[in-house]
Amino acid sequence: MAQSERTRFLRWGDVVRLLVAWVVSAAALGLAAWLLDDLSVSDPWAIVVAAAVVGLFGLFVRPALIAVTARIGWIAVVLGGLLSQAIVVYLALDTVPGIETTFWAAFWASWIAAAFGTAAAWLGTSGTDDAFTSSLIRRRVPKSTITDPEVDGVVFVQIDGVPFPVLRWAIQAGAVPTIRKWVSNGDYHLREWTPQMPCTTPASQLGILHGTVDRVPAFRWYDRELGRMLVANKPADAAVIEERATNGRGLLADDGLSLSNLFTGDAERSILTMSRVKYSRGTTQLRTTFGWFLSNPQGFARGFVRTVAEIVKERWQAARQNRRDLMPRIERSWTFAALRAVTNVLLRDLNTAVISEEMRKGTKAIYVDYLDYDEIAHHAGMFRPETLGALDGVDRVLATLHRLASQGAARRYHFVILSDHGQSQGQSFEDRYGLELGELCSELIHAPVESITAPVEGWGHAEAIAEDATGTGALASKVADRAAKTVQKQVAAGAGSGESEITVLGSGNLGLLYAHRPVRMTLETIRAEWPSIIDGLRFHPGIGFVACIDDAGQAWAFGDQGSICLDTGVVEGVDPLLPFGDHAARVLIRAVKMAESPDLYINSLVDPTTLDVAAFEHLVGAHGGLGGWQDRAVLLVPDELIHLVPDEQIEGGDQLHNLFVSMLESLGHRRNLP
């Protein structure tokens, strides 16, 4: 897309917008004066004058506060950002004759004004994000000093967890107008790619960003080398996973930024990225960006008001699901309501603000993960109104980014949109059969089993926000402890003592059974020690297949009517992988042959009619194994780069990495990498 010429400093649209903002601000201050006892007004016209003074003071006071606090540190940025608008309002009200106030009255008045302004902006723009976008465009930033403006930049936008069939249907239905317009005009081309097994964000992002999907058998697993659990969205564990995979030439190694991801892709800079939040406190420029977001009325204040509204909306939608007795469904807690609000409001806006800043600076490659759809689909389902609403929200983000790139970016930008995996849904295994997978395994093994199936994926993103936004470990540790306690409760409930040497983990509809031993158990060893486990699982109505390796290192999959040797392709009886697609054997053998893989992989059933799976976690929408649409992911490529996409199906995040590297190289990136 071509970069537009600089527009005039002031246009008629700007004048109208200023007048409307003045009227709305005055009305909001009047409402605050009516509600607050410590804010009194003797002359109504004083409120009108005060609204103008608030705007003028904001132009000078807020940037000065941000500049000072950004040089002090993160705590100063957070405090200054949250209090800056209150300071501006207090100074303005204290200056204008006819108004008497206290600081705390001004503080609450600033939040009342923010809520009122957000509601007015929503009504005035039919719910769009125009006001937020305009504030990003109008923001003054230092001029870029890039030395290679002729090199186009790329923004990789991950729309987490969106299945290819869902997006294609949404395009056909007109539910995502931005993407529909791009595809209909021929500006973009919609393709499908096949994630590896496991179909999880850690495996896909490691493949996409670092070029390998090895050593990641699930979202969390027992690591024999370390003798403990690894959870991909814990910062310390994410750092271990990345350290094992990096070669210094990741996707973002050439002037790249990793934003809201698990791994860095060897980017020089990263924000809200799991593998680095423990090691980076950011730069003054980064703290300035956060400070602007926190202090601007169109930033944190707007986001906070919309966050509260999102929580209220989630509770109403959850109650509606229960009233209508929609199935499949799970109980949706207040905890999920808070996580949904964080990912669908605050994190979405913060990501967009950071990308805007980076495009103005001319950062050559940006990879960002928008979690909106995935977070809601886990708890509500793939096609529920709230889930499709999140998809529409991401579509609006793409429109915003497109507009930002055309107005003030330091170089020309291309957008590549992808999902890291798809999604399947269905009633959970426990709800269907009355027991958890760990309990079933314990009955078959005749030994205590630690059953860890609590879904904690969303907590990791909350932790990243807490740590990167504050720059301190205390708040993040509390968030992490909350997730850890959830898991510990699961262990205690499942095994009684929590001291078992056998662990069963759920990763969507993929189960993993580990004996805590330095050497992996083989088919022969498993049958000798636990004679009932393989047949007991394969003949259970909720299990599609179990997989393991034998003494010779060959991989096997067993179903209720037959088995297949994955190395030779020899089938006895009926191939258990037939319901899971032609690619199932290829992706399964790759997963089973990893040294980190469990002693037994356990994949749930898939209903041939509804494509329902049975997650081993307490989720409606799930991904991790095979079955349904979880291994059908999205790739949306601009027309200028479509010639680089191969005709054959892309299979695995590492193959997608190779494609993305070729895109960057074709644009002139990566020429000076060692």
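Tutor: Two strands pair if DSSP finds at least two bridges between them. Keep that in mind for this structure, which is a predicted model.

Student: In which sense do E15 and E16 pair, and over how many bridges?

Tutor: Strand E16 covers residues 555-558, and E15 pairs with E16 in the antiparallel sense over four bridges. The two strands form a hairpin with five residues between them. In the turn, Gly553 has a positive phi of about 85°.

Student: Which strand besides E16 should I look at beside E15?

Tutor: Look at E19, residues 600-604, which pairs with E15 in the antiparallel sense over four bridges. Val546 shows both pairings: its bridge partner in E19 is Ile602, and its bridge partner in E16 is Phe558.

Student: How should I read side-chain directions along a strand?

Tutor: In a regular strand, side chains alternate between the two faces of the sheet.

Student: Is E15 largely enclosed or not, and why?

Tutor: Burial here means under 20% relative accessible area. Seven of the seven residues of E15, residues 543-549, are buried, so the strand is largely enclosed by the rest of the structure.

Student: Which residues have the most contacts inside the largest nonpolar core?

Tutor: That core has 65 residues, and those with the most contacts inside it are Phe156, Leu251, Leu588, Leu635, Leu656 and Phe660. Its largest share, six residues, comes from helix H22, residues 653-666. Another core, of 44 residues, lies apart from it; Ile179, Leu371, Leu398 and Trp629 are among its members.

Student: What does Leu588 touch, leaving out residues up to four places away in sequence?

Tutor: Leu588 touches Met197, Phe545, Ala547, Ala557, Leu566 and Leu577.

Methods
Residues are numbered from 1 along each chain as its sequence is written. This is a predicted model: local features need pLDDT of at least 70, side-chain atom pairs count only at pLDDT 80 or more; totals for chains, interfaces and linings use all residues. Side-chain values use heavy atoms; hydrogens and water are left out. A nonpolar core is a set of buried Ala, Val, Leu, Ile, Met, Phe, Trp, Tyr and Cys residues joined through side-chain atoms within 4.5 Å. Buried means under 20% relative accessible area, exposed over 50%, partly exposed in between (1.4 Å probe, protein chains only). Contact means heavy atoms within 4.5 Å.
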